[in-house]
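Open the model in your viewer and keep the selection tool at hand. The tour begins with one side chain and works outward from there.

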Amino acid sequence: MSDPLDTVFAALADPTRRSILTMLLEDDMAVTDVAEPFEMSLAAISKHLMILTRSGLIAQEKRGRVKWCKLQPDAMRSASVWMQGFGQYEPVNLDAFERFLEIELDSPTTDPSSE
């Protein structure tokens, strides 16, 4: 993929990579710490990290013997600008949207035909 926007969206398409990005919102993490919550090999996590690195969403650096991952939030700016370019949409407050989804998914639905 030659278009940086395509590369970012392709990286964001995978739920494991999105989870990794969420983890890195807190702080820089060693690769082994990133891998810990996932039930997959370190090699599989390394592939996900390489995709995130190539997309510019994270940076990796070696500190001593440990490889660290750091979120690069500016890389999402182009995707955000592209989505907001549709004009009729307001910028999305992702925290509010997440709370809305949690409420909607947790609340029991009523069958309108039973009323």
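**Start at His48**

Select His48 and show what surrounds it. Leaving aside residues up to four places away in sequence, His48 touches Asp14, Thr16, Arg17, Ile20 and Met40. Keep in mind that this is a predicted model. Is His48 buried or exposed? Its relative accessibility is 12%, under the 20% cut-off, so His48 counts as buried.

**Helix 4**

Next, extend the selection to the element that holds His48, which is helix 4. Helix 4 covers residues 42–54. Helix 4 has 13 residues, and from its first C-alpha to its last it reaches 18 Å, close to the 18 Å expected at 1.5 Å a residue.

Now colour Ile45, His48, Leu49 and Leu52, the residues of helix 4 that are buried. Turn the view to look down the axis of helix 4: the buried residues fall within an arc of 100°, so they line one face of the helix. A general rule helps here: an α-helix has 3.6 residues a turn, so residues three or four places apart point the same way.

Then select Lys47 and Arg54, which are exposed on the other side of helix 4. Just after helix 4, stop at Gly56, where phi is positive, about 85°.

**What covers the buried face**

Which elements cover the buried residues of helix 4? Show helix 1 (4–12), helix 2, helix 3 (31–35), strand 2 (58–63) and strand 3 (66–71); the cover includes each of these.

**Helix 2 against helix 4**

Keep helix 4 and add helix 2, residues 15–24. The two pack at an angle of about 75°, and their axes are 10 Å apart. That angle makes helix 2 roughly perpendicular to helix 4.

Show the side chains where they meet. Helix 2 brings Thr16, Arg17, Ile20 and Leu21, while helix 4 brings Ile45, His48, Leu49, Ile51 and Leu52. By type, the residues of this contact are six nonpolar, two polar and one charged.

**The whole chain**

Finally, zoom out and display the protein chain as a cartoon. How many helices and strands are there? The secondary structure comes to six helices and three strands. Following the chain from the N terminus, the elements run α-α-β-α-α-β-β-α-α.

Colour by burial, and 24% of the 115 residues come out as buried. As for contacts between residues at least 6 apart in sequence, 50% of them join residues at least 24 apart.

How values were computed. Residues are numbered from 1 along each chain as its sequence is written. This is a predicted model: local features need pLDDT of at least 70, side-chain atom pairs count only at pLDDT 80 or more; totals for chains, interfaces and linings use all residues. Side-chain values use heavy atoms; hydrogens and water are left out. Axes are lines fitted to C-alpha atoms, for helices over the stretch in contact, and angles run from 0 to 180 degrees between N-to-C directions. Helices (H or I, at least four residues) and strands (E, at least two) are DSSP runs, numbered from the N terminus. Angles under 35 degrees count as roughly parallel, over 145 as roughly antiparallel, 65 to 115 as roughly perpendicular and the rest as oblique. Contact means heavy atoms within 4.5 Å. Ala, Val, Leu, Ile, Met, Phe, Trp, Tyr, Cys and Pro count as nonpolar, Asp, Glu, Lys and Arg as charged, and the others, Gly among them, as polar. The expected span of a helix is 1.5 Å times one less than its number of residues. Buried means under 20% relative accessible area, exposed over 50%, partly exposed in between (1.4 Å probe, protein chains only). The arc is that of the directions from the helix axis to the C-beta atoms.
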